[in-house]
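Biologist: I am new to this structure and would like a close look at a single part of it, the sheet and what packs on it. Could you start from the overall layout and walk me through?

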Amino acid sequence: MELFDTATVLTRVLTSGVVMSIEKSDRELPGLERLLTKQTGRARAVLLNSRTGALHAALAGQGIGHGGTAVVDDIDDAGRAFLGWLGVTVTADGGPVTYDHVALGPENAGRLPELAARATAPALVVDLTGLGFGPAAAVLTDDELIWARAERLKIFGAHDLRTMWTQEEADLSLVPGVQFNYRLSPLVAACARMALTQAARPAAPSGARS
């Protein structure tokens with residue numbers, strides 16, 4: 001983004017007084033969720049503060065944990081090491097892939113709809129870190145249970161971001177487990193949303209006057 005656009009977004013978020021992802025009045029995180037679901041064609045989005053957090057959420061959403069196996073076509077050494085730390089065996093064989101992965105940067109941010117259309121796994125991990133505003137990622141899915149499990153993973157305690165204020169159980173079928181602090185900052189979400197929005201705009205015709 002241009003420095004002016006970045007400053008405008010940061011000013012908007014800071015003057016709102018909402019800089020934590022647990023604030024009920026936050027609008028930046030839902031805004032990025034809506035944009036990602038629209039661009040990927042998936043029904044649900046879970047925002048997280050790192051690529052590894054998104055990998056964890058994609059697996060946990062499908063009930064894959066310590067002792068389980070993930071079928072992955074392409075994974076780097078860091079991702080393999082993290083899944084190994086979780087106690088998950090990584091293999092390239094054994095059936096449909098567990099999750100698809102897309103890493104976005106300035107060079108391909110405008111191609112997210114195209115890249116997402118190629119994905120066939122139940123969960124799509126979108127790494128937003130390359131946009132340049134800090135570690136950020138998302139898990140996109142059409143499966144309500146995958147979304148619910150992944151959403152619960154990212155915050156301390158037994159409740160998710162939507163039920164923590166009432167302390168009422170949202171879904172009795174979900175068993176609370178170890179919770180992590182994978183929450184994404186509204187500041188980073190706002191900047192990522194602006195970058196994706198600008199990348200999706202048609203390029204100005206060559207020679208056009210400003």
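Modeller: Reading along the sequence, you meet the elements of the protein chain in the order α-α-β-α-β-α-β-β-α-β-β-α-α. That makes 7 helices and 6 strands, and please keep in mind that this is a predicted model. The protein chain has 210 residues, of which 46% count as buried. If you take the contacts between residues at least 6 apart in sequence, 68% of them join residues at least 24 apart.

Now to the sheet you asked about. It is an open sheet of 4 strands, in the order 1-6-5-4, and the pairing is mixed. Its edges are strand 1 (44–48) and strand 4 (99–103), each of which pairs on one side only. From one strand to the next, the twist averages 20 degrees. As a bit of background, strands of a sheet pair through backbone hydrogen bonds, and they can do so in a parallel or an antiparallel way.

Let us follow the edge at strand 1. Strand 1 and strand 6 (residues 137–141) run antiparallel and are joined by 5 bridges. You can find one of the partnerships by looking for Arg44, whose bridge partner in strand 6 is Thr141.

Two helices belong in this picture. Helix 6 (residues 144–153) packs on the sheet, where it touches strand 1 and strand 6. The direction of helix 6 makes about 20 degrees with that of strand 1. Helix 3 (residues 51–60) lies across strand 1, strand 4, strand 5 (123–127) and strand 6. Relative to strand 6, helix 3 runs at about 25 degrees.

A residue worth finding next is Thr40, in helix 2 (residues 28–40). Leaving aside residues up to four places away in sequence, Thr40 touches Leu112, Ala116, Leu124 and Leu140. Thr40 has a relative accessible area of 8%, so it counts as buried, the cut-off being under 20%.

From there, have a look at the aromatic rings. There are 2 aromatic pairs. One of them joins Phe82 and Trp85, which are stacked, with 5.9 Å from centre to centre and 25 degrees between the planes. Both residues sit in helix 4 (residues 77–85), 3 residues apart, which is about one turn of the helix. Phe82 counts as buried because its relative accessibility is 14%, whereas Trp85, at 60%, counts as exposed. The other pair is Phe180 with Tyr182, also stacked, at 5.3 Å centre to centre and with 5 degrees between the planes. Here Phe180 is partly exposed, with a relative accessible area of 22%, while Tyr182 is buried at 9%.

To finish, follow the chain on to helix 7 (residues 186–200). At the N-terminal end of helix 7, Ser185 acts as a cap, with a side-chain oxygen 3.1 Å from the backbone nitrogen of Leu187. Helix 7 has 15 residues and, at 1.5 Å a residue, should span 21 Å; its end C-alpha atoms are 21 Å apart, so the two values agree. The buried residues of helix 7 are Pro186, Val188, Ala189, Ala190, Cys191, Ala192, Ala195 and Leu196.

Methods. Residues numbered from 1 in each chain as written. Predicted model: local features only at pLDDT ≥ 70, side-chain atom pairs only at ≥ 80, totals over all residues. Heavy atoms only, no water. Helix = DSSP H or I, 4+ residues; strand = E, 2+ residues; numbered from the N terminus. Buried < 20%, exposed > 50% of the residue type's maximum accessible area, 1.4 Å probe, protein only. Contact = heavy atoms within 4.5 Å. Expected span 1.5 Å × (residues − 1). Polar contact = N/O pair within 3.5 Å; in protein donor to acceptor, adjacent residues only side chain to side chain. Pairing = 2+ DSSP bridges. Axes fitted to C-alpha atoms, helices over the stretch in contact; angles between N-to-C directions. Phe/Tyr/Trp six-rings, centres within 6.5 Å; stacked < 30°, edge-to-face > 60°.
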